[in-house]
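Welcome! Let's take a look together and ask how each description is justified.

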Amino acid sequence: MSAGVAGNSAMGNDAAEKVIRIAGSITVDELAQALGLAVTTLIGELFKNGIVATINQRLDFETAQIMIDELGIANVRLERKNTAAKLADEGRRELSKDAVLRPPVVAVMGHVDHGKTTLLDNLLHKKTVETEAGGITQHISAYQLEHDGRKITFLDTPGHEAFAAIRQHGAMLTDIVVIVVAADDGVKPQTVEAIKFAQGANAKMIVAINKIDREGADVERTKAGLAEHGLMPEEWGGDIMMIPVSAKTGEGLEKLLDSILLVADVEELKADVKIPAEGLVIESHMETGKGSVVNLLVTGGELKVGEFVAAGGAYGKIRTMVDFQGKPKGKAGPSTPVTVTGFKDLPNFGDRFLEYDDEKSARRAALVYAQNAQNEAMSANVTSTDLLRMMNVEDTAKVFNVIVKGDVLGSVTSVVDSLKMIDTKGEVTLNVVATGVGDVTENDIYMAAGENTVVYGFNVSVPTNIAKLASRDGVEVRNFRVIYELLDDARDSMEKLLGEEVVETEMGEMEVMGVFRVTKTELIAGGKVTSGKVVPKVNARIVRKKEVLGEAEVESVQKERIEAKELIENEIGGLAMKTEKKIQLEVGDKLQFFVRERRQRKLGE
């Protein structure tokens, strides 16, 4: 079965929400069963939308969602069975009696600018934020420090909403999540998001209430805000430790580390060492002279230089291994972050790695994984693109083609996911032509040429010869180091595809109390402004008993027979108006004032 169902299966109005989890795709029969429908009903609905499907035909996630919406079924929510959750479940093996205590893995999460990276800088006595564009963490970074003779592994996760995919992986990798909340800013959307991720990963939480040194800091108000989201402080009878800290001055950081170790002791975090090494891919990218450079977090066993490993569809032999400070390591035990070289291809962000006895075994494992992934991708016979085309939605949509190149796979994934999240109301279709890791290449330019495709680079270089080639072939290469700027650029580009629209903005209304002159091209009248205001050069719609007689343009405004800049509500004055045809204005008519202008259409409007 490709789908699982969680929650109450009742479908009444008062029923609990029903969750259908889909891993890649689901058959028509499985979806009908999950929804409690006759399979003929679902097939009939597909047929009405132009899709002739059998009970064993597979639907992708988006198609299943469209069909639920079309059927008007309430209290049902689709969820993707994501790779991170799957890998996390696979990684939770039964421990043997020989399992030993291991360092806790701590993810630091919170709203952008609430001081996560600064807090880690202070803990590690090093500057990291300066290396990130815009002062914002844009990758998962792993560090390890010692406190009271014990090691603690930290993961610094991005705070911006564009990196939700990375942050979710971060939660899946961890035992403890430190939620950083600024005492002068309180709970923000990304704070709530981080809490949900931690809860979803069954990780223990500690709150670091940061920036207590700032003016306006209010620790108690911050606690109250967190309590509203289900995090109750220990001192209020709850079970969440909330530690006031200042990442700037260092106040409270010792207590924070003590609290982390206390939670680790209570949880009795252990791992087996006498097993083949295993763990998760934190990040991966290509480097000139080194090939694939992969950041790993070891979760079990001991990873050694010279061992064969496979992660997802990639495999290789560990050629070099260094710790987070770049110091060589011969081996790495559980909860240790390391950077290795030797993979023949780049493993995907979040892939689980395993050690194998020889290269043949590692290669076979990678091939089997890759084949299974390909079969899963090909198994969705009916896609949302097919369905939307049948429903005549895609035919009217404009297409924005992009190629995305990034410095690491995690960034590429998050950029693509974020681009797809831009709400276009179906008016613009985002088409990701290709993605890749590394600098913009000649092949990227050839692929983009002639297809009106924009090449987006994120934290990569555009060699001079490639820039010249792009210019010659009329290909736009847009390179960014800050995610917000890339997304803003894409949004602007898609809006330009929508073209302009005519917008009318209401200004006010006047009741005509006197008509002084009426010609073929001119109206002079007086009256009282009943709402809003009137100023020169606005348009006036002339209405009599709900019937629109025509339009005029206000040439000038007079108050007490003196020319004025405006007339506001309840004021009486006169107007001189220009018309294109003669309109027989009468006392009692309404003049509705408005401004008509052409403007660029906005997405989602």
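Q: Which residue of β25 does V455 stand opposite?
A: V455 stands opposite V477 in β25. Keep in mind that this is a predicted model.

Q: What makes β24 and β25 a pair of strands?
A: Two strands pair if there are at least two bridges between them. Strand β24 (residues 453–458) is joined to β25 by 4 bridges, so the two count as paired. They run parallel.

Q: Where does this pair sit in its sheet, and why is β25 called an edge strand?
A: The open sheet is formed by 4 strands in the order β23-β22-β24-β25, with parallel pairing. The strands β23 (428–437) and β25 (477–480) are its edge strands, because each pairs on one side only. On average, neighbouring strands of this sheet are turned by 25° against each other, direction ignored.

Q: Which helix lies across β22, β23 and β24?
A: That is helix α12 (residues 409–420). Helix α12 runs at about 175° to β23. Angles over 145 degrees count as roughly antiparallel, so α12 and β23 are roughly antiparallel.

Q: Why is α2 called roughly perpendicular to α3?
A: Helix α2 (residues 39–48) and helix α3 (residues 61–71) pack at an angle of about 95°, and their axes are 11 Å apart. Angles of 65 to 115 degrees count as roughly perpendicular, so the description fits α2 and α3.

Q: Which residues make this contact, and how do they divide by type?
A: From α2 come L42, E45 and L46, and from α3 come M67, E70 and L71. The residues of the contact divide into 4 nonpolar, no polar and 2 charged. Leu and Met count as nonpolar and Glu as charged, so L42, L46, M67 and L71 belong to the nonpolar group, and E45 and E70 to the charged one.

Q: How do you know that β14 and β15 are paired?
A: Here 9 bridges join strand β14 (residues 278–287) to strand β15 (residues 291–300). At least two are needed, so this is a pair, and its strands run antiparallel. In β15, L297 is the bridge partner of L280.

Q: What do these two strands help to form?
A: They belong to a barrel, which 6 strands close in the order β14-β15-β20-β18-β17-β21 with antiparallel pairing. The twist averages 45° from one strand to the next.

Q: How many helices and strands does the protein chain have, and what share of its residues is buried?
A: The protein chain has 15 helices and 33 strands. Of its 605 residues, 48% count as buried, because their relative accessible area is under 20%.

Conventions
Residues are numbered from 1 along each chain as its sequence is written. This is a predicted model: local features need pLDDT of at least 70, side-chain atom pairs count only at pLDDT 80 or more; totals for chains, interfaces and linings use all residues. Side-chain values use heavy atoms; hydrogens and water are left out. Axes are lines fitted to C-alpha atoms, for helices over the stretch in contact, and angles run from 0 to 180 degrees between N-to-C directions. Angles under 35 degrees count as roughly parallel, over 145 as roughly antiparallel, 65 to 115 as roughly perpendicular and the rest as oblique. Contact means heavy atoms within 4.5 Å. Buried means under 20% relative accessible area, exposed over 50%, partly exposed in between (1.4 Å probe, protein chains only).
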